[in-house]
Amino acid sequence: MSKDRLYLFDTTLRDGAQTAGIEFSLEDKISIAALLEQLGVDYVEGGYPGANPVDTEFFADRRTRKATFTAFGMTKRAGRSAANDPGVQAIVNSKADAACFVAKAWDYQVELALGSTTDEHLEGLADTVRVAAKAGKEVLIDLEHFFDGFKANHAYALACAETAIAAGARWVVLCDTNGGTMPSEVGAIVKEVLAVVPGDRLGIHAHDDTGQAVANSLAAVEAGVRQVQGTLNGIGERCGNANLVTLIPTLVLKPHFAQRFETGIDATRLERLTHISRAFDDRLNRAPARQAPYVGASAFATKAGIHASALAKDSSTYEHVPPESVGNERSVMVSQQAGKSNLVTALARHGIAVAKDDPRLEKLLATVKEREARGYSYDGAEASFVILARNVLGTLPEFFAVESYRASVERRHNARGDLVTVTEAVVKIRVGEDLLMSVAEGNGPVNALDLAMRKDLGKYSAEIGDLELVDFKVRILDGGTGAVTRVLVESRDDTGERWYTIGVSPNIIDASFEALYESFTYKLLKAEAARATTAA
Ligand SMILES: CC(=O)SCCNC(=O)CCNC(=O)[C@H](O)C(C)(C)COP(=O)(O)OP(=O)(O)OC[C@H]1O[C@@H](n2cnc3c(N)ncnc32)[C@H](O)[C@@H]1OP(=O)(O)O
Ligand SMILES: CC(=O)C(=O)O
């Protein structure tokens, strides 16, 4: 059976620029256009030339090599011709291959928002399409408020679609501008539009105000449209646009769609999806959503013991597609919800082979659950889990022992009479037979303890030389100053690896010291493993 071609139209740089809190610079736009080319979408809508200096400059060059470079704007204003409309001309004279003009398909909005008549707006739409097509642009018409307009006056909404096609538009895009339409309504209305415009000239542009932009896009495809608009990670005006990062793998991997349609995205490009989604969030300087479908860190993560056990037998038991198909990875976590299968998988990730019937595993599972009940949380602190596991398994070397430590904070007047805060720490450590004592001042008690501990670690001093603490998070469990404190420390070294350790205590200094101590221990375990690899 031959497949229909589905065209993917990305509007990250246009509708995405209408997201609260997002402002793209020219450099951002250039770099995001490159990401979109890597992904392989058919159209990149880069913005609105003439609306602001960044977009005007962006359209001074052709910014894509393969994708159709598309400029957005509105149809001509009332009272002038498209040939004399500066807005239309900015688009026509830009380096865009295609021009996407927005027109209103709801008669009430034409009269109220534009202060125009429905006939005048239809004439303006046709004039704009003709002028842009004559200038050699591929023309698209975004029919704003199409679904609400259709429900209010279907004859006018359909007349907008027919007029655009008759004037030479390649595509008519049905927009659920306010994002309130239900998937069943989208399907039914698209079928009525097919009576006047063929599906291979129809697109869908859905907003996510009811959380159904992806569902609405798929309903439109099922009903017959052949162009889907959306954005990276679903950014866009208000609640966002249809998320292409969700839509693309659904269209490519789900047999229901994959057997009927082809997109320009093959398996190799799809494997870049997770990287592209996260690189985009990096550009936006925001953390990727853990629960994002397909690409989130939790998309293929499991905490539940029953799931981990079945996953180990066949990953399809709890995965709807293989994580590698979208460039993501499976993660089996250790927590109160875990069973022995979680432990076996997590330990294997760290090169520790333990059989599921090893009695030490029962003890490790019980220890994890007992400690989690006291406030530890190992699913975010895998380095501490490794240390705990090796301790219970009896394979944790004692690199150094902490005999005692003291941290003091003193607020006092210095010699000049200024009020100063002095923080000092003393750490006594035993390394083999050597008892080492170090004193350090820091800008707080944890910093002073860290500096004191790394000042002299005897024969291990060189091995912790590149250890760096990058983040320190404190959470008070159960509230109040007498509550339990959980400290999470993030560390890294010159290999680029980052690891997380945890400490829990009613005393914030003890909790911090425990997390610090485990970070040092994990670093020494790494050094030991590196020595073993070199020796082998
Ligand atoms: C649903 C959507 O997402 S559509 C895209 C919306 N995106 C944007 O608006 C972002 C970029 N916009 C802008 O930078 C500015 O709005 C500009 C530069 C385009 C225009 O700015 P201004 O000239 O100051 O107009 P302003 O933004 O106040 O109002 C929009 C004007 O466009 C008119 N207009 C809106 N849609 C259309 C249309 N499809 N055809 C003709 N005129 C239109 C409105 O009637 C209004 O004119 P009026 O004030 O004379 O009634
Ligand atoms: C054109 C557009 O962005 C909309 O109607 O939502």
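This report describes the domains, the surroundings of two ligands and one helix in a predicted model.

## Domain layout

The protein is divided into three parts, with domain 1 covering residues 4-265, domain 2 covering 301-392 and domain 3 covering 401-535. Taken over C-alpha atoms, the centres of domain 1 and domain 2 are separated by 46 Å.

## Surroundings of ligand 1

The shell around ligand 1 is made up of 17 residues, and the closest of these are Ala51, Met74, Thr75, Ala103 and Leu114. By character, the shell around ligand 1 consists of seven nonpolar, five polar and five charged residues. Strand 5, which runs over residues 98-104, gives the most to this shell, contributing three residues.

## Surroundings of ligand 2

Around ligand 2 stand Asp15, Val102, Asp142 and Glu144, together with Cys175, Thr177, His205 and His207. These residues divide into two that are nonpolar, three that are polar and three that are charged.

## The buried face of helix 14

Helix 14 spans residues 305-313, and within this helix Gly305, Ala308, Ser309 and Leu311 are buried. When the helix is viewed down its axis, the buried residues fall within an arc of 165°, and they therefore line one face of helix 14.

Which elements are included in what covers the buried residues of helix 14? Among them are two strands, strand 11 (301-302) and strand 12 (331-332), and also helix 15, which comprises residues 340-349.

Key. Residues numbered from 1 in each chain as written. Chains lettered and ligands numbered in written order. Predicted model: local features only at pLDDT ≥ 70, side-chain atom pairs only at ≥ 80, totals over all residues. Near = placed C-beta within 6 Å. Helix = DSSP H or I, 4+ residues; strand = E, 2+ residues; numbered from the N terminus. Nonpolar A, V, L, I, M, F, W, Y, C, P; charged D, E, K, R; others polar. Domains from an automatic or database assignment. Buried ≥ 20, exposed ≤ 12 C-beta atoms within 10 Å, placed from the backbone. Arc of directions from axis to C-beta. Contact = placed C-beta atoms within 7 Å.
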